[in-house]
Amino acid sequence: MNEEKIQSDENVAEKEKLKTEEPSLYRVILLNDDYTTMEFVIHVLETVFHKPLPEATRIMLNVHKNGVGLCGVYTHEIAETKVAEVHAMAAENQFPLKCTMEKE
């Protein structure tokens with residue numbers, strides 16, 4: 001009986017311990033321009049980034065006064081999707097609004 005246990009233990013492969021890393025995060029930023037209306041920027045922030053009106057207004061004012069506004073921090077794929085959504089909405093509404101992402 002001991003021989004059977006020893007043989008079965010020898011056949012068991014050791015599991016490697018995998019280190020899981022947190023995914024890299026990216027900041028999604030709106031850039032100011034001279035043509036996109038403040039109302040449209042607020043609409044984008046509410047629609048794409050699900051910001052409540054007071055927060056959307058605050059971010060829009062940052063974009064207007066400082067040239068940039070932080071919309072949120074996301075994983076790469078989500079950040080990419082948000083940037084694409086902003087560009088699609090802007091193009092559909094004939095605004096030159098730009099949105100970028102940068103590694104945090």
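In the predicted model, Asp33 is located in the loop that connects β1 (25–31) to α2 (38–47). Asp33 is buried yet forms no salt bridge. The nearest side chain of opposite charge belongs to Lys98, at a distance of 8.2 Å, whereas a salt bridge requires a separation within 4 Å. The polar contacts of the Asp33 side chain include backbone groups of the loop itself. The side chain of Asp33 reaches the backbone nitrogen of Tyr35 at 2.7 Å, and a polar atom of this side chain lies 2.6 Å from the backbone nitrogen of Thr36. When neighbours within four places in sequence are left aside, Asp33 is in contact with Pro96 and Leu97.

The arrangement of the chain as a whole provides the setting for this loop. The secondary structure of the protein chain consists of four helices and three strands, which follow the order α-β-α-α-β-α-β from the N terminus on. Of its 104 residues, 29% count as buried. Among contacts with a separation of 6 or more, 72% are accounted for by residues 24 or more positions apart.

Helix α4 comprises 17 residues, spanning positions 76–92. The distance from its first C-alpha to its last is 24 Å, close to the 24 Å expected at 1.5 Å a residue. The buried residues in α4 are Ala79, Lys82, Val83, Val86, Met89 and Ala90. Seen down the helix axis, the buried residues of α4 fall within an arc of 130°, so they line one face of the helix. An α-helix has 3.6 residues a turn, so residues three or four places apart point the same way. The buried residues of α4 pack against four elements, namely β1, α2, β2 (68–75) and β3 (98–103). On the other side of α4, Glu77, Ala91 and Glu92 are exposed.

Glu85 also lies in helix α4. With a relative accessible area of 35%, Glu85 is partly exposed, because this value falls between the limits of 20% for buried and 50% for exposed residues. Glu85 and Val44 are 41 residues apart in sequence, and their C-alpha atoms are 9.0 Å apart in space. Beyond the end of the helix, α4 is followed by Gln94, which has a positive phi, near 60°.

Technical notes. Residues are numbered from 1 along each chain as its sequence is written. This is a predicted model: local features need pLDDT of at least 70, side-chain atom pairs count only at pLDDT 80 or more; totals for chains, interfaces and linings use all residues. Side-chain values use heavy atoms; hydrogens and water are left out. Helices (H or I, at least four residues) and strands (E, at least two) are DSSP runs, numbered from the N terminus. Buried means under 20% relative accessible area, exposed over 50%, partly exposed in between (1.4 Å probe, protein chains only). Lys and Arg count as positive and Asp and Glu as negative; His and the chain ends are not counted. A polar contact is a pair of N or O atoms within 3.5 Å; within protein, one must be able to donate a hydrogen and the other to accept it, and residues adjacent in sequence count only if both atoms are side-chain atoms. Contact means heavy atoms within 4.5 Å. The expected span of a helix is 1.5 Å times one less than its number of residues. The arc is that of the directions from the helix axis to the C-beta atoms.
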